[in-house]
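Work through the exercises below with the model open. Try each task before you read its solution.

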Amino acid sequence: MHLWPQKTTTPQSRYRDLSSFEPEFWKKKALSDLSAEEWELLCDGCGKCCLNKIERRGKICFTNARCRFLDPETCLCRIYEHRFAKVSDCRNIDLATVLKEPEILPKTCAYRCLSEGKDLPSWHPLISGNADSVHAAGQSLKDRPLVSETEVKNYEDYVVDWPDL
Ligand code: SF4
Ligand code: SF4
């Protein structure tokens, strides 16, 4: 997950005042040229990169087993500031990861979409101006049938083929 310091920022406050950003900056700049702030804004908060994955015959498969620290209501990480210290396989979603391992991101992830030459979807908060639009459009993990990884014995039993993954 690539989100923001949640002690000082809420999902909606990120999109409240974008006047310091170039309009539609994601269409005008390469991913490699984005500022750290622009990169942050691209994360829609779907939470889908916090699902556990397994490799089957060389293919990455998503499961519906969420990281124990992902809040299934908000789709936010409960330990964002300490995530790398507490979760050894928590991934930093940076440019190198997006380019080298796009398959660990869902098809809807803004970083993956842009790296594949696609535009942002209409429900993306940068388009809608509303952080909740990702949830309202059914594109986040909210209200999906998830299990906590703490309940999982065999990830093979939890592989899902949701079309947006
Ligand atoms: S999948 Fe992409 S857009 Fe969704 S939370 Fe992860 S980094 Fe953000
Ligand atoms: S610690 Fe877990 S919930 Fe938090 S960002 Fe990493 S994978 Fe996601």
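**Exercise 1: the surroundings of W123**

Task: Which residues does W123 touch, not counting residues up to four places away in sequence?

Solution: Leave out those sequence neighbours, and W123 touches S128, S133, V134, A137 and Q139. Keep in mind that this is a predicted model. Next, take one of these partners, Q139. Q139 and W123 are 16 residues apart along the chain. Their C-alpha atoms are separated by 8.3 Å.

**Exercise 2: place and burial**

Task: Where does W123 lie, and is W123 buried or exposed?

Solution: Start with the place. W123 sits in the loop between α5 (110–115) and α6 (125–128). Now count the C-beta atoms. W123 has 20 other C-beta atoms within 10 Å. A residue is buried if that count is 20 or more. Therefore W123 is buried. Then turn to the whole protein: buried residues make up 25% of its 165 residues.

**Exercise 3: the overall fold**

Task: How many helices and strands does the protein have, and what pattern do they follow along the sequence?

Solution: Count the elements: 7 helices and 3 strands. Read along the sequence, the pattern is α-α-β-β-α-α-α-α-α-β. Now check the size. The radius of gyration is 15 Å, close to the 15 Å from the globule rule for 165 residues, so the protein is as compact as a globular protein of that length. Along the principal axes, the C-alpha atoms fill a box of roughly 50 × 35 × 30 Å. Last, look at the contacts. Of those with a separation of 6 or more, 64% are between residues 24 or more positions apart.

Key: Residues are numbered from 1 along each chain as its sequence is written. Chains are lettered from A and ligands numbered from 1 in the order in which they are written. This is a predicted model: local features need pLDDT of at least 70, side-chain atom pairs count only at pLDDT 80 or more; totals for chains, interfaces and linings use all residues. Helices (H or I, at least four residues) and strands (E, at least two) are DSSP runs, numbered from the N terminus. The radius of gyration is taken over C-alpha atoms; the globule rule is 2.2 Å times the number of residues to the power 0.38. A residue is buried if 20 or more other C-beta atoms lie within 10 Å of its own, exposed if 12 or fewer, and partly exposed in between; C-beta atoms are placed from the backbone. Two residues are in contact if their C-beta atoms, placed from the backbone, lie within 7 Å.
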